[in-house]
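Colleague: Please take a close look at one part of this model, the aromatic cluster. Keep it brisk, and give the cut-offs as you go.

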Amino acid sequence: FISSAPGIPPVAFAKLRALCALVVQRRNHGFDFGAWHDVVPLLRRAAPAMQELLLVNDSVCGPFRAEAPVLQAMRAAGHGLFGLTENLAPRPHLQSYVLLARGRPVVADLLRFLDGYTATASRRRTARAGEVRLSVWMRRRGHAVAAWCGYEAIERLALRCAPARRRLRALHPFLFRDIPLN
């Protein structure tokens, strides 16, 4: 658990310690990837033979459903780097608000990536040098990189919904002129 809050009340700290292998308070710099970069040495010391690492940040609201079935589905996929969702621009990549690395070689490569990461105060640079580069980097090392709810699955569901089709057509009439509105 990594926090950039000015302080963690002792009762909350005790609860966190009971749930987490590591609780860290740090300055707020570099967004999620900056925080993860900062704790890599601590992670290596705390769990040198780690076979699974779940990274989560606070950039979204939720969860709106139970996490256990989602994590079970990701774990059932075997070894690799898994996220909840993906983005296709500027290249296909996992979005970093939830990342699950499974398998010792995958975790080791994720930690190696984070160790070499340079934190930035720019959200755009963080997304490109963090999210986009991480997905590409892990694929090049032969690891599975997949989203639990991939872009194409979301797109198929959205296109089944008449109100969503109408919104898409209103926003991009030329691109969606052949999509029926009802």
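Modeller: What follows starts with the whole chain and then turns to the aromatic cluster.

This is a predicted model, so local features need pLDDT of at least 70 and side-chain atom pairs count only at pLDDT 80 or more, while totals for chains, interfaces and linings use all residues. Residues are numbered from 1 along each chain as its sequence is written, and side-chain values use heavy atoms, with hydrogens and water left out.

First, the setting. The protein has seven helices and seven strands. Both are DSSP runs numbered from the N terminus: helices are H or I with at least four residues, strands are E with at least two. Their order along the sequence is β-α-β-α-β-α-β-β-β-α-α-β-α-α. The C-alpha atoms fill a box of roughly 55 × 40 × 35 Å along the principal axes. Of the 182 residues, 35% count as buried. Buried means under 20% relative accessible area, exposed over 50%, and partly exposed in between, with a 1.4 Å probe and protein chains only. Take contacts (heavy atoms within 4.5 Å) between residues at least 6 apart in sequence: 59% of them join residues at least 24 apart.

Now the rings. An aromatic pair is described by the distance of the centres and the angle of the planes. Rings of Phe, Tyr and Trp (its six-membered ring) pair if their centres lie within 6.5 Å; planes under 30 degrees apart count as stacked, over 60 as edge-to-face and the rest as tilted. That rule gives four aromatic pairs. One of them joins Phe-33 and Phe-113, edge-to-face, at 6.4 Å centre to centre and 75° between the planes. Phe-33 lies in helix H2 (residues 31-46) and Phe-113 in helix H4 (residues 104-116), so this pair ties together parts that are 80 residues apart in sequence. Phe-33 counts as buried, at 1% relative accessibility. Phe-113 is buried too, with a relative accessible area of 2%.

Phe-113 also pairs with Trp-137. Here the geometry is tilted: 5.5 Å centre to centre, 55° between the planes. Trp-137 lies in helix H5 (residues 123-140) and Phe-113 in helix H4, so the pair ties together parts that are 24 residues apart in sequence. Trp-137 counts as buried, at 15% relative accessibility.

Ring pairs link Phe-33, Trp-36, Phe-113, Tyr-117 and Trp-137 into a cluster. A charge comes in at Trp-137: the charged end of Arg-141 sits over its ring, 3.5 Å from the centre. The rule for that asks for NZ of Lys or CZ of Arg within 6 Å of the ring centre and within 35 degrees of the ring normal.
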